[in-house]
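Subject: Structure handover

Hi,

Here is the structure you were expecting. Please open it first, then read my notes below.

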Amino acid sequence: LLLLALVSLAVPSFSVAQQPTRAIAITVDDLPAVSLRRDVATHAAITRGILDAFRRYGVPAIGFVNESKLADGDRIDSARVALLRAWLDAGMQLGNHSYSHPDLHGVPLEQYEDDVLRGERVTRSLLAERGLEPRWFRHPFLHTGTDLDTKRRFERFLDEHGYRVAPVTFDNYDFIFARVYERTVESGDRGTAQRVADAYVAYMDSVVGYYEAQSRTLFGTEPAQVLLLHANRLNADHVGRVLESLVRRGYRFVTIDEALRDPAYSQPDEYIGAGGITWLHRWALTAGKRGAVFAGEPTVPEWIATRFEGR
Ligand SMILES: [Zn+2]
């Protein structure tokens, strides 16, 4: 009897998921979708796959829209707008990722700002139906300016238009895996597609582990994190596995608003490098940290990188 009692006591500690001790906001760029095929059915399937996984895991995500992808010639394709509405219906937020995904490091600021305003028309009206307004902006390529004047002028512009910058702490190369995955699926090679997906899930887990360690090394603590993903076929089919490994690491899923209440996000960011890097490193560089402390970021496996560059 005693033995039985011990066993029954012991079972829950193995079967009940770990109490969440970490927090993460999930953000998805390039809505409604980014794929080799641009037809509505493909984009609808991607939307459905991602939102199903988010519902299953109770993820209050935000999607960042490129409204140029809603256009069909001169008119706006209502079937594509419906994909954005599906995000809101699923309880997700929508943010602005510019109209046509320009590079702040490659076009004049005024032109970039025009593109940002052009990029909110549909989203603003969808949000208005629900008494909401766009509040979050995500820089394409995470390029935030290569001089402090441009960076600050654009931040003021965002502020004047009611936007706040959506930073990223868990940056990664999901789009490289995604391109290879989609091509492989299209070619009918399910076996290799599965291996690409498995490599992606393992890679993402190592990326998360790396940035957790970076957080502790650089700041002595792990802030509420912000993960960047893209709205692609790979995530439509496999993001549930990425979410599952986050749960296993003790994460609970929070809104971007909640994540950014973490004091980490009020640290100064004067980063003006050319690379679209994690905010963890922007804060650390601004604080004067340099060198080997940043080393060790997981790389994309060679066989995936080769296939990515292959065509
Ligand atoms: Zn993007």
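Which helix holds Glu212? Glu212 sits in helix H8, residues 190-219. Bear in mind throughout that this is a predicted model.

Glu212

Glu212 has a relative accessible area of 3%. The cut-off for buried is under 20%, so Glu212 counts as buried. The side chain of Glu212 makes a polar contact of 2.9 Å with that of Arg249. Leaving out residues up to four places away in sequence, Glu212 touches Arg22, Phe170, Glu222, Arg249 and Tyr251. Arg249 is thus on both lists: as a polar partner and as a residue touched by Glu212.

Zinc site

Three protein residues donate to the zinc ion: Asp30 through OD, and His97 and His101 through NE2. They lie 2.0 to 2.1 Å from the ion. The spacing of the donor residues in sequence is D-x66-H-x3-H. Asp30 belongs to strand E1 (residues 22-31), while His101 is in the loop between strand E5 (93-96) and helix H4 (109-118). The pair therefore ties together parts that are 71 residues apart in sequence.

Are these two donors buried or exposed? Asp30 is at 10% relative accessibility and counts as buried. His101 has a relative accessible area of 21%, so it is partly exposed.

Largest pocket

The largest pocket has a volume of about 680 Å³. It is lined by 32 residues. Closest to its centre are Asp30, His101, Phe141, Phe175 and His230. Two of those names, Asp30 and His101, also appear among the zinc donors. Elements that give two or more residues to this lining are E1, helix H7 (174-186) and strand E8 (225-230). H7 gives the most, with four residues. By class, the lining has twelve nonpolar, twelve polar and eight charged residues.

Second largest pocket

About 330 Å³ of space lies in the second largest pocket. Its lining has 19 residues, and Glu155, Val165, Tyr265, Asp269 and Trp279 lie nearest the centre. Two or more lining residues come from each of helix H6 (148-160), strand E7 (164-165) and helix H11 (279-286). H6 gives the most here, with five residues. The lining of this second largest pocket divides into nine nonpolar, four polar and six charged residues.

Best wishes

How values were computed:
Residues are numbered from 1 along each chain as its sequence is written. This is a predicted model: local features need pLDDT of at least 70, side-chain atom pairs count only at pLDDT 80 or more; totals for chains, interfaces and linings use all residues. Side-chain values use heavy atoms; hydrogens and water are left out. Donors are N, O and S atoms within 2.8 Å of the metal (3.2 Å for Na, K and Ca); water is not among the atoms, so sites may look incomplete. Buried means under 20% relative accessible area, exposed over 50%, partly exposed in between (1.4 Å probe, protein chains only). On a 1 Å grid over the protein atoms alone, a cavity is a set of points where a 1.4 Å probe fits but cannot get out, and a pocket is an open set with protein on both sides within 12 Å along at least five of seven lines; lining residues have an atom within 4 Å of a point. Grid points are joined across faces, edges and corners, and a volume is the space filled by probe spheres set on the points. Ala, Val, Leu, Ile, Met, Phe, Trp, Tyr, Cys and Pro count as nonpolar, Asp, Glu, Lys and Arg as charged, and the others, Gly among them, as polar. A polar contact is a pair of N or O atoms within 3.5 Å; within protein, one must be able to donate a hydrogen and the other to accept it, and residues adjacent in sequence count only if both atoms are side-chain atoms. Contact means heavy atoms within 4.5 Å.
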